[in-house]
Amino acid sequence: MDSQNRVAEPPGARIAGPGRQRARKLCDRVLCDRVLCDRVLGGDPRLRIRTTQWLITVAVYIGCGTVFGLAMGMGWVAPDASMLPWATFVGTMLAVLYVALRSGWSARFHDAALTAPQIVLGVTAACWGYVLGGPVRTAALFPLLLVLIFGTFSLGWRRILWLTVFAIVSLSFSIALRHGPSPGGDWSLDAPGMHVDLVNLGMLVVLLPATSLVAVRLSSLRRKLRSERRALTEALAEVQRLATRDELTGLPNRRHMQELLDRELARSARHEHRFSIALIDLDHFKRINDAHGHAAGDAVLRSFAMTAVGGLRGHDVLARWGGEEFLLLMPDTAGPQAEATVWRMLERVGHLPFMDAGSLSFSAGVCEYRRGETATQLLDRADVQMYEAKRAGRGTVQVG
């Protein structure tokens, strides 16, 4: 009896009690994390790239500071009161950079990621750390290579060159601070630590330009790839245009109009809205080709297309259906309104000269879509009405 009276359970109904509560908490947590991530990094994709790079920079500073702190804890580096100003300087500058990036203020500049200021900050912090590093000061130079590679993402070779010079001059100044300013500063080669400082400076003079050359090469390749991607995008857009547009008139071609018509049929089936079509054939067009050649006929087709489109509503679509035939798609339009639209078009193109045959005219068959019929059936009805218009004397519109 219970099995007979049991009501079918909807999917997921068995996930009840504690399981459902855990699933709900998990969804809430994911949603909360996403909202928090958007607030910290920003919702715009480009902004998120910049703030993510800033976050990586923060992680590098924290990592280097942690290693240096461990060295002090092990007694390898003597504690220095200047460490607090260094940490304050780095923290303040990182905070300023984050505000400039996250608020969108930096977007007004060509270098929206503020790459050059971040590199200047990195070089300054590294050279300051070199002064404070004592016997392990050489380790402070490692981040300089990473800092210059960071510039390959958005800087040109001139800026990279100037930043390289700035890094070498900054290290030279740091060495001068270690040996010169204090009372009794010793600049002799036998001065304590002078050999290490000179070797470090020499290695930096060799490696930084080499690293800069690699960075310039990468930057050049990046620009080349960007240019090729832009050219490929433009080529694809041109291919798409050629695939969907008639080359002579610039109107949608038959294939594209068939897609639009199928899409309109599907939309009508979902929402039960009206739409109409008109099949248009230019009258006596063969006379133009026979008397004046195909070039004159092409000029007439272009003039008709330009004039006819100029009088349409924004959502109406006129396409070249083939030869001198055109198909007009009128969404959200009933038969009487569609007929009025085509009559206005006929009046508009009537002012165009038609060589020695008088003014230009056309015959048109207008049909409103009937629920349940196919695109072929709708087009066949319009075709029948168009030929009725021709038999009625041309230069007229028939509705069916």
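**Exercise 1.** What percentage of residues 218-245 is helix, and how far apart are the end C-alpha atoms?

*Solution.* The model is a predicted one. Step 1: the UniProt annotation "coiled-coil region", from an unreviewed entry, covers residues 218-245. Step 2: over this stretch the chain is 96% helix and 0% strand. Step 3: the C-alpha atoms at its two ends are 40 Å apart.

**Exercise 2.** Describe the packing of helix α3 against helix α4.

*Solution.* Step 1: α3 spans residues 45-73 and α4 spans residues 83-102. Step 2: the axes lie 10 Å apart and the packing angle is about 170°. Step 3: angles over 145 degrees count as roughly antiparallel, so α3 is roughly antiparallel to α4. Step 4: α3 contributes L47, R50, T51, W54, T57, V58, Y61, F68 and M72 to the contact, while α4 contributes M83, V90, L94, L97, Y98, L101 and R102. Step 5: sorted by type, the residues of this contact are 12 nonpolar, 2 polar and 2 charged.

**Exercise 3.** Locate the salt bridge between R137 and D197, and state whether its residues are buried or exposed.

*Solution.* Step 1: the structure holds 12 salt bridges, and one of them pairs R137 with D197, with the closest N and O atoms 2.7 Å apart. Step 2: R137 lies in the loop between α5 (115-132) and α6 (142-150), whereas D197 is in helix α8 (residues 194-244), so the pair ties together parts that are 60 residues apart in sequence. Step 3: R137 and D197 are both buried.

**Exercise 4.** Which salt bridges does K390 form with D281 and D283, and which parts of the chain do they link?

*Solution.* Step 1: the side chains of K390 and D281 meet in a salt bridge with an N to O distance of 2.7 Å. Step 2: D281 is in strand β1 (residues 275-282) and K390 in helix α13 (residues 375-391), so this bridge links distant parts of the chain, 109 residues apart. Step 3: relative accessible area under 20% means buried; D281 has 7% and is therefore buried, and K390, at 14%, also counts as buried. Step 4: K390 meets D283 in a salt bridge as well, at 3.3 Å from N to O. Step 5: D283 lies in the loop between β1 and α10 (285-292), so its pairing with K390 in α13 ties together parts that are 107 residues apart in sequence. Step 6: D283, like K390, is buried.

**Exercise 5.** Which residues are joined with R137 and D197 into one network of salt bridges?

*Solution.* Salt bridges that share partners join R178 with R137 and D197 into one network.

Terms used: Residues numbered from 1 in each chain as written. Predicted model: local features only at pLDDT ≥ 70, side-chain atom pairs only at ≥ 80, totals over all residues. Heavy atoms only, no water. UniProt positions renumbered as here; feature names shortened; annotations may be inferred. Helix = DSSP H or I, 4+ residues; strand = E, 2+ residues; numbered from the N terminus. Salt bridge = Lys/Arg side-chain N within 4 Å of Asp/Glu carboxyl O. Buried < 20%, exposed > 50% of the residue type's maximum accessible area, 1.4 Å probe, protein only. Axes fitted to C-alpha atoms, helices over the stretch in contact; angles between N-to-C directions. Parallel < 35°, antiparallel > 145°, perpendicular 65-115°, else oblique. Contact = heavy atoms within 4.5 Å. Nonpolar A, V, L, I, M, F, W, Y, C, P; charged D, E, K, R; others polar.
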